[in-house]
Amino acid sequence: MLFPKILLLIAFVSPLAGCGSSKGGGDDRQPTPNEPTQTPATKPAAKPPDQDDQTLFSLTEGTTSTNGLFVAKLEWTSDVVAESFVNAKLTFASRDRKVPQAVTDIVFDPQMPSMGHGTSTEDQKIVEDVVHYAFKVSDIYFIMGGKWEIRVTAKVDNTIDTVTFPVNIP
Amino acid sequence: MNYFMIKIVWIIAFVLVSSQIPQPVLACASCGSGGDDPLILYPNESIKDYFGVSQSGRFKNIDPDGSESTAGGPTTKQAMTLATGRSLSPRTFVTFTVPFMKNIRDDNSRSSIGDPSLAGRYSLVLQTLDDPWLPQVQLVYGYKLANARSIHESRDLKTLMDVFGTGFSEIKAGIDIWFGMMRWKPGFSQLFSMPQSRSFDGVNYQPGLIARSTLSLGYNWFETWKMTVGVNREYRRPLRVDGVTQDDSAQLNHSAFVTSDVMVTGVDTVRFSLSRQAALLQNYSTSRSDAISLAYMHSW
């Protein structure tokens, strides 16, 4: 009768001897399926990144719109000359320089304020470029050289604003 | 050949020759000017008619910082100008001018009537041979009607071939001083032109006041041959769009010209001119071009 009791006692004590950190305590025991897993004292696992956390522009990148509702960047992807078709890329970010939820209703309007006129936009095309916040603008036509302003109006995250980019055409 | 045939030959020659009346200053080379009013009556003339042809080219835009850039638009502009003048009194005359203009680019061309203008002068001081140092002093006034299509109404914004005028009617007034009784003939004039505001597509444009100063020096080589050289300084105040002054829209242009007048008969004069816009000194927000013109004038 005593021997089974001793066996039970050994069975009960043995799991208890395996508690504690395997690093510090030198314990190599594997936990049983129902036993809670105790991990080392580290930081909680990071939340997967989503759009709200993704910063698109650094503080020195992009141009803020007139009312501060979004930030945009204009990059020329061809030589910028007069009387020839020119291409560009437009990228938008929300007001806090993160990936915006939606960008629509883009108007790309080159103007020459000192002369009081614009240019022909009949050939101009604006298409999404891979991601929903970047766009290719193709077949921009500057009718003459001089000091121009590109006035871009867009609805970013349901708010409409305008951003201006200066450009000198030879 | 009798006198009548000589006149016909001259008229035909002028029609066949393609040359230019010196262009007024343009904001940009392809912006259009509408034409100018070149006819002046001397005190002894009652009626005078003018027929001129001109051609301008080598256009360049001058940027706000003074650098050159591509002009765009037509590469050559031609004009045929008809004008007639009437003396209302020994001190007053009026003229009416209508330009016919042609834009040329590569193999394409388009023509249009320019901006007609009505102008006049009143002599405050008349010259006399008794005192050659007494200058002729005239008040100058005029009105130019915006008739020709401007860049704000262009239906061809890629080539601007349909742009012939500024789009703005102008009222002008000024003074002209001229020493015409000596072999050397210096002159000075100061004109002010005020364009009238106008709206295009719901946007209101108010060009600035224009101040044009001219210094000239003529010389009578012979009784029938006079040459004049001169410089113009034209400054235009900034443009306002919907009440907002546009940056870098003030314009400055210093141009130069040389003119030769030959009296082929007592009542017929042939004039040949060369001019260059933005020829010297400081220029900004304007255009550079070269022009050549030939004109025939007949007084009755």
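Helices here are DSSP runs of at least four residues and strands are runs of at least two, numbered from the N terminus. Counted that way, chain B of this predicted model has 1 helix and 18 strands.

**Stop 1: chain B as a whole**

Select chain B. Of its 300 residues, 53% count as buried. The accessible surface of chain B is about 14,000 Å², with 61% belonging to carbon and sulfur atoms. Take the contacts between residues at least 6 apart in sequence: 62% of them in chain B join residues at least 24 apart.

**Stop 2: E45(B)**

Next, select E45(B), in the loop between α1 (3-16) and β1 (47-62) of chain B. Is E45(B) buried or exposed? With a relative accessible area of 10%, E45(B) is buried, because the cut-off for that class is under 20%. Show its side chain: a polar atom there lies 2.8 Å from the backbone nitrogen of Y42(B). Leaving out neighbours within four places in sequence, the contacts of E45(B) are with I40(B), S87(B) and S299(B).

**Stop 3: a salt bridge in chain B**

Select R121(B) and D176(B), whose side chains form a salt bridge at 3.4 Å, N to O. R121(B) belongs to strand β6 (residues 117-125) of chain B and D176(B) to strand β8 (residues 170-178), so this pair ties together parts that are 55 residues apart in sequence. R121(B) is buried at 14% relative accessibility, and D176(B) is buried at 15%.

**Stop 4: chain A as a whole**

Move to chain A, which has 2 helices and 9 strands. From the N terminus, both helices precede the strands, in the order α-α-β-β-β-β-β-β-β-β-β. Of the 170 residues of chain A, 34% count as buried. Chain A exposes about 10,600 Å², and carbon and sulfur atoms supply 55% of that area.

Colour chain A by pLDDT. The average is 80, and 69% of the residues score at least 70. Which residues of chain A have pLDDT under 50? Residues 15-51 stay under 50 throughout, and for them the model has 14 contacts beyond four places in sequence.

**Stop 5: the open sheet of chain A**

Select β1, β2, β3, β7 and β6 of chain A. These 5 strands form an open sheet in the order β1-β2-β3-β7-β6, with antiparallel pairing. β1 (63-64) and β6 (125-129) are the edge strands, each pairing on one side only. Strand β6(A) is joined by 5 bridges to the antiparallel strand β7 (residues 131-141) of chain A. Zoom in on E128(A), which stands opposite F135(A) in β7(A).

Stay on these two strands and show D139(A) and K125(A), which form a salt bridge with the closest N and O atoms 2.7 Å apart. D139(A) lies in β7 and K125(A) in β6 of chain A, so the pair ties together parts that are 14 residues apart in sequence. D139(A) is partly exposed at 22% relative accessible area, and K125(A) is partly exposed at 43%.

**Stop 6: D105(A) and K155(A)**

Select D105(A) and K155(A), whose side chains meet in a salt bridge of 3.9 Å, N to O. D105(A) is in strand β4 (residues 103-112) of chain A and K155(A) in strand β8 (residues 146-156), so the pair ties together parts that are 50 residues apart in sequence. D105(A) counts as exposed at 51% relative accessibility, whereas K155(A) is partly exposed at 25%.

**Stop 7: a network with members in both chains**

Finally, show E122(A), D123(A) and K158(B), which are linked in a network of salt bridges. Over all chains, the count is 18 salt bridges.

Technical notes
Residues numbered from 1 in each chain as written. Chains lettered and ligands numbered in written order. Heavy atoms only, no water. Buried < 20%, exposed > 50% of the residue type's maximum accessible area, 1.4 Å probe, protein only. Contact = heavy atoms within 4.5 Å. Areas by Shrake-Rupley, 256 points an atom, 1.4 Å probe, with all protein chains shown as cover. Polar contact = N/O pair within 3.5 Å; in protein donor to acceptor, adjacent residues only side chain to side chain. Pairing = 2+ DSSP bridges. pLDDT = per-residue confidence, 0-100. Salt bridge = Lys/Arg side-chain N within 4 Å of Asp/Glu carboxyl O.
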